[in-house]
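Student: Hi, could you walk me through a structure that I have not looked at before? I would like to go slowly and ask as I go.

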Protein chains: 2
Amino acid sequence: MKKIKKSERHQEIKKVLKNNPFFTDEELSEKFGVSVQTIRLDRMSLNIPELRERVKSVATKNLQKVKSLGEGEIVGELIDLQLNKNAISILQTDESMAFSKTKIVKGHYIFAMAETLALAVIESNVALIGVANVKYRVPVKAGEKLVAKAEVINKRGSEYFVRVWINVNNDQVFRSKFRLVSIDLEV
Amino acid sequence: MKKIKKSERHQEIKKVLKNNPFFTDEELSEKFGVSVQTIRLDRMSLNIPELRERVKSVATKNLQKVKSLGEGEIVGELIDLQLNKNAISILQTDESMAFSKTKIVKGHYIFAMAETLALAVIESNVALIGVANVKYRVPVKAGEKLVAKAEVINKRGSEYFVRVWINVNNDQVFRSKFRLVSIDLEV
DNA sequence: TAATTATTAGTACCTGCTACTAAAACATAG
DNA sequence: CTATGTTTTAGTAGCAGGTACTAATAATTA
């Protein structure tokens, strides 16, 4: 490790911790060939919290994200539901859902929103077995608020057909038709 | 807090820490009206690591998850790529991707796999603007290994058409056609 | 009632810090 | 070259949230 200047080391520390927040001060001090105290001073002036706080923050941030895709949850916020008839959900998009260069929301977020709403509108345990007429009409930009509407359009035995539209300000950005079937549970 | 038995407390502790791993032993001891040492013994016999380890594990797990859906990454493992021609990826599914009751893999994982492979096969920066002929043919069970194949079937100006199939043991479980357009970047 | 199981108490030690004081090393200007 | 300021290093005390251990006390059960 060749000797580098304070300002340079500061940049490096920020970079290193950005893509791996799990280094202790001691490990960093070895990495940069300076004392632990120097690393502490560096963190102070860069307003970087201690290891345990960094780890905690990563843990809590992503726990929220995972939970929103978890058991029984729907992607977005369910604001209206008439079982076996129709449902409405909204989803506030942000940059974490988008490609960082283009700021265009990744398609599977939109799809997940539609899918989970389609599942939510049916009361029983269903599995998605078919999707038809899917169309992404215009790209969604990070920050736009999506409104999804689901409508059960047909039921044949244990098979349901659900249509889902997603709009931004009344402009349709997505639409599709889902085919769902009830699943019998053996517990 | 009424007095409960050891076994009952054990179940409760597991449950509590499952949906919030951020409690200290002291907080748990207050919650259950027992001493800190009892909580420690409980954790020992349940093989539950200490707070800091729990936090760290949540953090690393979710950091991986975020990274695997991050910049330029594809869902699954890219095993073959001929730019602008075709690509193959594989994805080992597990229970974390499935509905816990039915063990059926959630549709958006499959969709994300197809979408990211379609994006990967095109060299430039593209946005997904259309999907057609999507079909989930049979449900995928947790544990099954998905093989996705993408093929560029047409190119009109900045617009690409990519077909993606996903198979489990040569049985097709998904197929679709993506429409992608190049994006001009202003940095 | 005795034996067993569960709970509590207490001590020493650990990691990865914070907060602080003070000395040493280095750089730069006059 | 010396004085001044900046940067780095050293060292101490204390904290949170533990581990690992010993030992005593309470509650259950045979």
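What follows is a conversation that goes from the chain to the DNA and then to some single residues.

Student: Before anything else, what kind of model is this?

Tutor: This is a predicted model, so please read every value below as computed from that prediction.

Student: Okay, what is the secondary structure of chain A?

Tutor: Chain A has five helices and six strands, and along its sequence they come in the pattern α-α-α-α-β-β-α-β-β-β-β.

Student: And how much of chain A counts as buried?

Tutor: Of its 187 residues, 32% count as buried. As for the contacts in chain A with a separation of 6 or more, 63% of them are accounted for by residues 24 or more positions apart.

Student: Let's go to the two chains together. How do helix 5 of chain A and helix 5 of chain B cross?

Tutor: Helix 5 covers residues 107-121 in chain A and residues 107-121 in chain B, and the two axes come within 9 Å and cross at roughly 155°. An angle over 145 degrees counts as roughly antiparallel, and therefore helix 5 of chain A and helix 5 of chain B are roughly antiparallel to each other. Their crossing is right-handed.

Student: Which residues make that contact?

Tutor: From helix 5 of chain A they are Gly107(A), His108(A), Phe111(A), Ala112(A) and Glu115(A), and from helix 5 of chain B they are Gly107(B), His108(B), Phe111(B), Ala112(B) and Glu115(B). By class, the residues of this contact divide into four nonpolar, four polar and two charged.

Student: Switching to the DNA, which residues are around strand D?

Tutor: Chain A supplies Lys6(A), Val34(A), Ser35(A), Gln37(A), Thr38(A) and Leu41(A), while chain B supplies Thr24(B), Asp25(B), Arg40(B), Glu50(B) and Leu51(B). Helix 3 of chain A, residues 36-46, gives the most to this surface, with three residues. The surface near DNA strand D divides into three nonpolar, four polar and four charged residues.

Student: What about strand C, which residues are around that one?

Tutor: Around DNA strand C you find Thr24(A), Asp25(A), Arg40(A), Glu50(A) and Leu51(A) from chain A, together with Lys6(B), Val34(B), Ser35(B), Gln37(B), Thr38(B) and Leu41(B) from chain B. Here the largest share, three residues, comes from helix 3 of chain B, residues 36-46, and the classes come to three nonpolar, four polar and four charged residues.

Student: You listed Thr24(A) there, so where is Thr24(A) placed?

Tutor: Thr24(A) sits in the loop between helix 1 (6-19) and helix 2 (25-32) of chain A, and Thr24(A) counts as partly exposed because it has 13 C-beta neighbours inside 10 Å. Thr24(A) and Leu51(A) are 27 residues apart in sequence, and their C-alpha atoms are 6.0 Å apart in space.

Student: Back to helices, how do helix 2 and helix 3 of chain B cross?

Tutor: The axes of helix 2 (residues 25-32) and helix 3 of chain B come within 8 Å and cross at roughly 105°. These two helices of chain B are therefore roughly perpendicular to each other. Asp25(B), Glu26(B), Leu28(B) and Ser29(B) in helix 2 meet Val36(B), Thr38(B), Ile39(B) and Arg40(B) in helix 3, and the residues of this contact divide into three nonpolar, two polar and three charged.

Student: Now the loops: what is the phi of Asn47(B)?

Tutor: Phi of Asn47(B) is near 60°, a positive value in a residue other than glycine. In general, most residues other than glycine have a negative phi. Asn47(B) is found in the loop between helix 3 and helix 4 of chain B, and Asn47(B) is exposed, with 6 other C-beta atoms within 10 Å.

Student: And what is the phi of Asn84(B)?

Tutor: Phi of Asn84(B) is near 65°, which is also positive in a residue other than glycine. Asn84(B) is in the loop between strand 1 (77-82) and strand 2 (86-92) of chain B, and Asn84(B) is partly exposed, with 14 other C-beta atoms within 10 Å.

Student: One last thing, is Lys85(A) buried or exposed?

Tutor: Lys85(A) counts as exposed, because it has 10 C-beta neighbours inside 10 Å. Lys85(A) lies in the loop between strand 1 (77-82) and strand 2 (86-92) of chain A, and Lys85(A) is 68 residues from Ile153(A) in sequence but 8.0 Å from Ile153(A) in space, C-alpha to C-alpha.

Note on methods: Residues numbered from 1 in each chain as written. Chains lettered and ligands numbered in written order. Predicted model: local features only at pLDDT ≥ 70, side-chain atom pairs only at ≥ 80, totals over all residues. Axes fitted to C-alpha atoms, helices over the stretch in contact; angles between N-to-C directions. Helix = DSSP H or I, 4+ residues; strand = E, 2+ residues; numbered from the N terminus. Parallel < 35°, antiparallel > 145°, perpendicular 65-115°, else oblique. Left-handed = near helix turned anticlockwise from the far one by under 90°. Contact = placed C-beta atoms within 7 Å. Nonpolar A, V, L, I, M, F, W, Y, C, P; charged D, E, K, R; others polar. Near = placed C-beta within 6 Å. Buried ≥ 20, exposed ≤ 12 C-beta atoms within 10 Å, placed from the backbone.
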